[in-house]
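Welcome to a short set of exercises. Have a look at the model below, try each task yourself, and then walk through the solution.

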Amino acid sequence: MSSTRRVYLDHSATTPADPRVVAAMMPYLTERFGNASSVHFFGQEARGAVDRARREVAGLIGARSNEIVFLSGGTEANNLAIRGLCEAVEPHGRHIITSSIEHSSVRGICEALEKRGWEITRLPAYEDGIVKVEDVRSSLRTDTVLISVMLANNEIGTIQPIQEIAALIRQERAQGCKHLWLHTDAVQAAGRIPIEVEQLGCDLLSLSAHKLYAPKGAGALYVRRGVRISGQNVGGHQERERRAGTEAVPGIVAFGTAARIADEELSVRNSHTAGLRERLESTVAERVPDIVFNGHPDRRLSHISNISFRFIEGQSLLISLDLEGIAVSTGSACSSGTLEPSPVIRALGRNDELARGSIRFSFGKDNTVADVGYLVDVLSRVAEKLRSLSPLNPKAMASRRFPQTVGRD
Ligand SMILES: Cc1ncc(COP(=O)(O)O)c(C=O)c1O
């Protein structure tokens, strides 16, 4: 029986647009429709709005506004960062260091470069889902040009030691290694932990609007002043030739507004989602046996909880929850739809059963304590039911009586 109650717990996949953000963008769909490259009044009005949004997005990460390149989203930001930098610096080396728990967009770009002869070192993330700076150090080679490690993971929320990796790069630069750059995918982290790019020490940083209560279709790449990248979209002068094409003004305005609000409300949102997550984790531990929490207990984003349910296929649990009106995800949204175990959970050293049985719950600013109560009630009921039927569950199998098979030698 399907439920009429709806509880959205998949904010790492996407967020609903904030009404304040929609209100800010609406005029740019209607009366202020100009092309930001046009010289006339309509164009200049749009240009002004894009400039303002650039300052707002820059403000969220402590950047200068001319260090922000507007794009279509996080995937494009990762493409421009990695491909754009690699193309620009290819004569200096063809080795990249990355982690084994990156988002599929970074994994995919690295695989594509590998096919073109680049060498990729994928660092382990160990049981707690955190990359070790020592591993970065020991993987450095004279031909390493790029380190790309995400700021926070999208499935387990773990926060990576980017500042420490940046300090290592500074040491290398001081010893004469001039052609080494640091990219970080901050799509999940932005608006959830404070980010100051100067302090963080990265050269390139990816952002996406739809994770921040803005509509889909806008993103940005921070490119530190002085860092050279090759534009991947050519044929126009927009975004200082780093991304040709008419700017998507309404989406950019929405992104700017969402970034400003996220900055203002960061600590309120964080304490709200941290409270809900703690409540989920403590009550689920009391009421649902045979579960394993994935990721580091503290060094993680406040809104994500990733739990493996023994003896259950995550996909079956997801569907059962969906029938009760609860939206969660198995692995990342981009890899769901496949029945492959999550590569991120596998990278933590979990076996296939735990990787397949993992569910990501990701909270947002509008979730309530009642949502958690409803979730845990439904979870404990459906987990018990699925386990009683599961061929993965030895207890369920032992208690079932199978028809006697006729011997056949
Ligand atoms: C860590 C991370 N990087 C990149 C992306 C891709 O962003 P977009 O959906 O804007 O292309 C996502 C989206 O799930 C993500 O979580």
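Helices (H or I, at least four residues) and strands (E, at least two) are DSSP runs, numbered from the N terminus. Residues are numbered from 1 along each chain as its sequence is written. Please keep in mind that this is a predicted model, in which local features need pLDDT of at least 70 and side-chain atom pairs count only at pLDDT 80 or more, while totals for chains, interfaces and linings use all residues.

**Exercise 1. Describe the overall build of the protein.**

Solution.
- Step 1: start with the secondary structure, which comprises 13 helices and 12 strands.
- Step 2: turn to the radius of gyration, taken over C-alpha atoms and compared with a globule rule of 2.2 Å times the number of residues to the power 0.38. The value is 23 Å, close to the 22 Å that the rule gives for 409 residues, so the protein is as compact as a globular protein of that length.
- Step 3: along the principal axes, the C-alpha atoms fill a box of roughly 80 × 55 × 40 Å.
- Step 4: count burial, where a residue is buried if 20 or more other C-beta atoms lie within 10 Å of its own, exposed if 12 or fewer, and partly exposed in between, with C-beta atoms placed from the backbone. Of the 409 residues, 47% are buried.
- Step 5: for contacts, two residues qualify if their C-beta atoms, placed from the backbone, lie within 7 Å. Among contacts with a separation of 6 or more, 74% join residues 24 or more positions apart.

**Exercise 2. Work out the strand order of the seven-stranded sheet and find what packs on it.**

Solution.
- Step 1: recall that strands of a sheet pair through backbone hydrogen bonds, either parallel or antiparallel. Here two strands pair if DSSP finds at least two bridges between them.
- Step 2: the seven strands form an open sheet with mixed pairing, in the order 2-8-7-6-5-3-4. Its edges are strand 2 (68-71) and strand 4 (119-123), each of which pairs on one side only.
- Step 3: ignoring direction, neighbouring strands are turned by 20 degrees against each other on average. For such angles, axes are lines fitted to C-alpha atoms, for helices over the stretch in contact, and angles run from 0 to 180 degrees between N-to-C directions.
- Step 4: helix 2 (residues 41-61) packs on this sheet, where it touches strand 2, strand 7 and strand 8, and its direction makes about 115 degrees with that of strand 2.
- Step 5: helix 4 (residues 104-115) lies across strand 3 (95-99), strand 4, strand 5 (144-148) and strand 6, and runs at about 155 degrees to strand 3.

**Exercise 3. Which residues of strand 7 are on each side, and are they buried or exposed?**

Solution.
- Step 1: strand 7 covers residues 204-208, and five of its five residues are buried.
- Step 2: L204, S206 and S208 lie on one side, L205 and L207 on the other, and all are buried.
- Step 3: look at the pairing partners. Strand 6 (residues 181-185) pairs with strand 7 in the parallel sense over three bridges, and T184 has L205 as its bridge partner.
- Step 4: strand 8 (residues 219-223) pairs with strand 7 in the antiparallel sense over five bridges. There, L205 stands opposite Y222, and S206 stands opposite L221.

**Exercise 4. Compare the surroundings of I97 and G373.**

Solution.
- Step 1: I97 lies in strand 3, and it is buried because 25 other C-beta atoms are within 10 Å.
- Step 2: leaving aside neighbours within four places in sequence, I97 is in contact with T121, L123, V136, S139, T144 and I147.
- Step 3: G373 belongs to helix 12 (residues 369-389). With 13 other C-beta atoms within 10 Å, G373 is partly exposed.

**Exercise 5. Characterise the shell around the ligand.**

Solution.
- Step 1: a residue is near a molecule if its C-beta atom, placed from the backbone, lies within 6 Å of it. The shell holds 16 residues, of which G73, G74, T75, N154 and S208 come nearest.
- Step 2: helix 3 (residues 74-89) supplies the largest share, three residues.
- Step 3: Ala, Val, Leu, Ile, Met, Phe, Trp, Tyr, Cys and Pro count as nonpolar, Asp, Glu, Lys and Arg as charged, and the others, Gly among them, as polar. On that basis the shell has three nonpolar, 12 polar and one charged residue.
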